[in-house]
Amino acid sequence: MSGYQHVVSVKEENYELRPWGGYMGFLATPELVNGQEMAVGATLRMKSGLRHDAHLHDDCDEILFVLEGVGRQSFWDEEGRETSYEIHPGDVIYIAKNRKHLTDNISPERELKLFIINYFVQEQSDPRVNGLIPASANQPQAKDYGSFTNAIRETTCGNRSITGDFLTLKPQVSFAAAPVTNEELIFILEGEGEIFYAEGETERREPLHRETLGFFHRGEAFSIKNTADVPMRFLRLRTR
């Protein structure tokens with residue numbers, strides 16, 4: 001056995017109350033998935049009116065994906081000037097290392113729910129990038145298996161060492177990934193299916209459903225099958 005998990009699903013009892021009032025359910029930690037760069041992944045729940053204090057990360061970039069609700073994302077530049085954006089489901093927020101930021105739930109009734117990845121980098125990503133990648137800006141490309149959208153790239157995140165794509169699989173269709181270059185993460189956004197991969201000499205098959213995370217390392221490969229009668233959609237992050 002590898003000593004770490006390739007596929008993780010957060011359970012309700014795994015959500016932890018944070019000091020500022022939000023709840024985090026951890027999916028990827030170094031202990032769980034043996035991640036070196038994309039080492040921390042979690043879903044975050046914020047009640048209506050709740051805000052996360054302004055802060056920065058001096059060791060990692062941060063990627064946020066809006067799952068539910070309406071919020072506001074604020075950034076500050078080196079001169080202390082604030083820029084704020086309203087965020088909605090499907091939006092991606094890319095926060096460069098050392099960039100001060102704040103998230104709050106501006107919905108009067110609904111919970112704000114985010115998927116978060118901390119991406120540990122040595123170099124400084126460009127903090128001047130917009131920071132918000134709205135869902136409306138992502139143009140899907142038709143593929144045999146469904147569709148593909150490249151959302152996270154150097155021009156949208158200020159870092160050339162990571163890429164992020166959205167893939168949609170047609171019902172009863174499979175997608176086979178090439179062997180991983182460095183680290184690769186998938187996060188199921190909609191639908192259900194199965195994932196196939198090798199763990200040593202053992203072939204593994206595990207179920208996938210909404211908010212399941214898969215994590216793979218250099219040289220590993222996997223395939224995903226949509227077993228449902230509706231499309232499956234997932235986020236795919238890769239480091240080079």
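Arg 81 is exposed, with 53% relative accessible area. I start there since this is a predicted model, and the charged side chains are a plain way into it. General point: side chains of opposite charge can pair when their charged atoms come close. Arg 81 has such a partner in Asp 77, and their closest N and O atoms lie 2.7 Å apart. Asp 77 itself is partly exposed, at 31% relative accessible area.

Next pair. Asp 126 makes a salt bridge with Arg 128, with 2.9 Å between the closest N and O atoms. Buried or exposed, what is Arg 128? Exposed, because its relative accessibility is 71% and the cut-off for exposed is over 50%. Asp 126 comes out as partly exposed, at 25%.

Third pair. Arg 160 and Glu 154 meet through their side chains, 3.5 Å from N to O. Arg 160 is exposed at 58%, while Glu 154 is partly exposed at 41%. Beyond pairs, there is also a network: Glu 68, Lys 113, Arg 210 and Glu 211 are joined by salt bridges that share partners. The count of salt bridges for the model is 15.

Now the sheet. Strands of a sheet pair through backbone hydrogen bonds, either parallel or antiparallel. Here we have an open sheet of seven strands, paired antiparallel, and the order across it is S2-S3-S4-S10-S5-S8-S11. Which strands sit at the edges? Strand S2, residues 15–17, and strand S11, residues 132–133; each of them pairs on one side only.

Look at S5 and S8 within that order. S5 covers residues 60–68 and S8 covers residues 92–95; the two run antiparallel and are joined by four bridges. If you want a position to find on screen, take Leu 64, which stands opposite Ile 93 in S8.

Leu 64 also takes us to the interior, as it is among the residues in contact with Phe 115. In general, nonpolar side chains tend to be buried together in soluble globular proteins. The largest nonpolar core in this model holds 29 residues, and Phe 115, Ile 152, Leu 185 and Phe 187 have the most contacts inside it. What does Phe 115 touch, leaving aside its neighbours within four places in sequence? The list includes Leu 27, Ala 42, Thr 43, Ile 63, Phe 65 and Leu 67, and further along the chain Leu 185, Phe 187, Leu 213 and Leu 235.

There is a second core, separate from that one, with 18 residues, including Leu 167, Ile 186, Ile 195 and Leu 208.

Key:
Residues are numbered from 1 along each chain as its sequence is written. This is a predicted model: local features need pLDDT of at least 70, side-chain atom pairs count only at pLDDT 80 or more; totals for chains, interfaces and linings use all residues. Side-chain values use heavy atoms; hydrogens and water are left out. Two strands pair if DSSP finds at least two bridges between them. A salt bridge is a side-chain nitrogen of Lys or Arg within 4 Å of a carboxyl oxygen of Asp or Glu. Buried means under 20% relative accessible area, exposed over 50%, partly exposed in between (1.4 Å probe, protein chains only). A nonpolar core is a set of buried Ala, Val, Leu, Ile, Met, Phe, Trp, Tyr and Cys residues joined through side-chain atoms within 4.5 Å. Contact means heavy atoms within 4.5 Å.
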